[in-house]
Amino acid sequence: MAQNQDCLFCRIVRNEIDAKIVHEDEDLVAFRDISPQAPTHILIVPRQHIATLNDLTPDHQDLIGKMFLAAKDLAAQEGIEQSGYRCVFNCQRGAGQSVFHIHLHLLGGRALNWPPG
Ligand code: 5GP
Ligand code: ZN
């Protein structure tokens, strides 16, 4: 599976850096954000290194679907499925992407304003 030696999230996937992992399966790892922006702030990350959403191909269709299904299950696990939650991919620096290994943010547990900043 494609990995990047120096990528922070590849290193978390390889257990080289500690993270509060809340879900793992053959395709995904999900862990708590180190700087949470809401009471629940989980990052859902594919084991495979994909730098940005711009690098997706049709081969990734099932993987992206799995990421959203994991988000839904984790929202239920966190007890925020009724109060509400937001799932966000930031793509490129102008949209706030700072780690170039795609990740789905799951945010909830407080009121979330719209539009986002
Ligand atoms: P982005 O800004 O790329 O959309 O999201 C990257 C997220 O990764 C940020 O919310 C940031 O707080 C989080 N993050 C950065 N470094 C670490 C780390 O070492 N561990 C964990 N758990 N989260 C991190
Ligand atoms: Zn990576």
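In the predicted model, Glu-16 is partly exposed, at a relative accessibility of 41%. The carboxylate of this residue takes part in two of the contacts described here. One is a salt bridge between the side chains of Glu-16 and Arg-11, with an N to O distance of 3.1 Å. In the other, the side chains of Arg-14 and Glu-16 meet at 2.7 Å, N to O. Both contacts count as salt bridges because the side-chain nitrogen of Arg lies within 4 Å of a carboxyl oxygen of Glu. Arg-11, Arg-14 and Glu-16 are thereby linked in a network of salt bridges. Like Glu-16, the arginines are not buried: Arg-11 is partly exposed with a relative accessible area of 32%, and Arg-14 is partly exposed with 27%.

The structure holds 7 salt bridges. Among them is a pair formed by Lys-72 and Asp-73, whose closest N and O atoms are 3.6 Å apart. Lys-72 has a relative accessible area of 45% and is partly exposed; for Asp-73 the relative accessibility is 45%, which also places this residue in the partly exposed class. In general, side chains of opposite charge can pair when their charged atoms come close.

The metal site was examined next. The zinc ion (ligand 2) is coordinated by two cysteines and two histidines, namely Cys-7 and Cys-10 through SG and His-49 and His-101 through ND1, at 2.0 to 2.3 Å. The 4 donor atoms subtend angles of 104 to 116° around the zinc ion (ligand 2), and the arrangement is therefore tetrahedral. The assignment follows because four donors count as tetrahedral if all angles lie between 85 and 135 degrees. Along the sequence, the donor residues of this zinc ion follow the spacing C-x2-C-x38-H-x51-H. Distant parts of the chain are linked by the pair Cys-10 and His-101, which are 91 residues apart. Cys-10 belongs to helix α1 (residues 8-13), whereas His-101 lies in the loop between β4 (85-88) and β5 (104-108).

Solvent accessibility was also computed for this pair. Cys-10 has a relative accessible area of 0% and is therefore buried. His-101 is likewise buried, with a relative accessible area of 0%. Both values fall in the buried class because that class covers relative accessible areas under 20%. The residues of the salt-bridge network, by contrast, are partly exposed, with values of 41% for Glu-16, 32% for Arg-11 and 27% for Arg-14.

Definitions and conventions:
Residues numbered from 1 in each chain as written. Chains lettered and ligands numbered in written order. Predicted model: local features only at pLDDT ≥ 70, side-chain atom pairs only at ≥ 80, totals over all residues. Heavy atoms only, no water. Donors = N, O, S within 2.8 Å, 3.2 Å for Na, K, Ca; no water. Tetrahedral: all angles 85-135°; square planar, octahedral: opposite > 155°, others 65-115°. Helix = DSSP H or I, 4+ residues; strand = E, 2+ residues; numbered from the N terminus. Buried < 20%, exposed > 50% of the residue type's maximum accessible area, 1.4 Å probe, protein only.
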